[in-house]
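The following exercises ask the reader to work through a protein model element by element. Each task is followed by a solution in steps.

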Amino acid sequence: MIISVENLVKDYGSARVLDVEKLQLKEGINVILGSNGSGKSTLISLISGLLKPSGGNILYNGKKIDDSLRNYISVLVQKPYLFKKSSYENIISGLKFKKISKEEIELRLEKYLHYLDVEPLLSKKSHWLSGGERAKIALLRTAVLETEVTILDEPTAAMDIESTFKAEVLFRDMASNNRTVIVVTHDVFQARRIADYVLFMDKGKIIEMGLKYDVLDNPKSALLKQILNK
């Protein structure tokens, strides 16, 4: 699914926190980079429908979002909530809500569990999990939905390096079959590893966007050059 943004703005009172004239997020992995307060989370909240824009349009394959299109979008927020149930119940909760058959649920579990080695955690209640373990369960709960668009806000921030690398393999699978994955991260090295496309934000605006190698290897903005040189 291709997501197009036209003249998108978000205001809080007299403060304009987002102002994006034009943007297209394509099939594959789109990484959004930027410092805290740059507008990354606001942008994805608008794209996912969690926030309403103050102006402008967001189009999904040329159509404005409605309730039917929302079924094709899944979101992993930066601090995901886990139900006070077992890891197994948390992972399948979205599938049960969508009334997916038991047979299909087991097939999805078999397909995804090996990515993050969570089998020993399946019977554990969520409140017994570490921060990194909770992040794995939340990511798998999102992955098994297999939506056309998946939005991930800092999905590996609580994971160790080994788990992060495994999660990045999962991201690539989530972007297969012409699906669109949007990953918000502050980690330039992660962007280099996983991205097909990169956009860099600052103060609510998109400073640069394009193919990964164009943006990261040949940046035009002085700010992005400074960040990459560090």
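**Exercise 1. The hairpin of β9 and β10**

Task: Determine how strand β9 and strand β10 pair, and over how many bridges.

Solution. The model is a predicted one.
Step 1. Strand β9 covers residues 197-202 and strand β10 covers residues 205-211; the two run antiparallel and are joined by 6 bridges.
Step 2. One position in this pairing is Val198, which stands opposite Gly210 in β10.
Step 3. The hairpin has 2 residues between the strands, and Lys203 takes a positive phi near 55° there.

**Exercise 2. An open sheet**

Task: Give the strand order of the open sheet of 4 strands, and explain why one side of β2 and of β5 is left without a neighbour in the sheet.

Solution.
Step 1. The order is β2-β1-β4-β5, with antiparallel pairing.
Step 2. β2 (15-25) and β5 (63-64) stand at the edges and each has a single partner strand, so one side of each lacks a neighbour in the sheet.
Step 3. Within the sheet, strand β1 (residues 3-12) pairs with strand β4 (residues 55-60) over 5 bridges in the antiparallel sense.
Step 4. Ile3 has Tyr60 as its bridge partner in β4.

**Exercise 3. Strand β7 and its partners**

Task: Establish whether the residues of β7 are buried or exposed, and identify which strands are joined to β7 by bridges.

Solution.
Step 1. Buried means under 20% relative accessible area. In β7, 5 of the 5 residues are buried, so this strand is largely enclosed by the rest of the structure.
Step 2. In a regular strand, side chains alternate between the two faces of the sheet. In β7, Val149, Ile151 and Asp153 point one way, while Thr150 and Leu152 point the other way.
Step 3. β6 runs parallel to β7, and 4 bridges join them; Ser74 has Thr150 as its bridge partner in β7.
Step 4. Strand β8 (residues 180-184) also runs parallel to β7, through 5 bridges, and Asp153 stands opposite Val184 in β8.

**Exercise 4. Two helices**

Task: List the buried residues of helix α1 and of helix α3, and state what covers those of α3.

Solution.
Step 1. Helix α1 (residues 40-48) is mostly covered, with 8 of its 9 residues buried. They are Lys40, Thr42, Leu43, Ile44, Ser45, Leu46, Ile47 and Ser48.
Step 2. Gly49, just after α1, takes a positive phi of about 90°.
Step 3. Helix α3 (residues 87-97) has Ser87, Asn90, Ile91, Ile92, Ser93, Gly94 and Leu95 buried. The cover over them includes α4 (102-116) and α5 (131-143).
Step 4. Lys99, just after α3, takes a positive phi of about 60°.

**Exercise 5. The pockets**

Task: Describe the volume and lining of the largest pocket and of the second largest pocket.

Solution.
Step 1. The largest pocket holds about 600 Å³ of space. Of its 20 lining residues, Ile73, Ser74, Val75, Gly94 and Leu145 lie nearest its centre.
Step 2. β6 (73-76), α3 and α5 each supply at least two residues of this lining, and β6 gives the most, with 4 residues. By class, the lining of the largest pocket comprises 11 nonpolar, 6 polar and 3 charged residues.
Step 3. The second largest pocket has a volume of about 230 Å³. It is lined by 15 residues, and Gln78, Lys79, Pro80, Ala135 and Ala158 are the closest to its centre.
Step 4. α5 provides the largest share of this second lining, 4 residues. The lining divides into 9 nonpolar, 2 polar and 4 charged residues.

**Exercise 6. The surroundings of Ala158**

Task: Locate Ala158 and explain why it counts as partly exposed.

Solution.
Step 1. Ala158 lies in the loop between β7 (149-153) and α6 (161-174).
Step 2. Its relative accessibility is 45%, so Ala158 counts as partly exposed; that class falls between the limits of 20% and 50%.
Step 3. Leaving out residues up to four places away in sequence, Ala158 touches Gly131, Gly132 and Ala135. Ala158 and Gly131 are 27 residues apart in sequence, and their C-alpha atoms are 5.9 Å apart.

**Exercise 7. The nonpolar cores**

Task: Which members of the largest nonpolar core touch the most other members?

Solution.
Step 1. The largest nonpolar core has 44 residues, and Val31, Leu139 and Leu170 touch the most other members.
Step 2. Not counting residues up to four places away in sequence, Val31 touches Val183, Thr185, Ala191, Ile194, Ala195, Tyr197, Val198 and Leu199.
Step 3. Another core, of 23 residues, lies apart from the largest one; Ile3, Leu25, Tyr60 and Leu69 are among its members.

Notes
Residues numbered from 1 in each chain as written. Predicted model: local features only at pLDDT ≥ 70, side-chain atom pairs only at ≥ 80, totals over all residues. Heavy atoms only, no water. Buried < 20%, exposed > 50% of the residue type's maximum accessible area, 1.4 Å probe, protein only. Contact = heavy atoms within 4.5 Å. 1 Å grid on protein atoms, 1.4 Å probe; cavity = no way out; pocket = protein on both sides within 12 Å on 5 of 7 lines; lining within 4 Å. Points joined across faces, edges and corners; volume = space filled by probe spheres on them. Nonpolar A, V, L, I, M, F, W, Y, C, P; charged D, E, K, R; others polar. Core = buried A, V, L, I, M, F, W, Y, C linked by side-chain atoms within 4.5 Å. Pairing = 2+ DSSP bridges.
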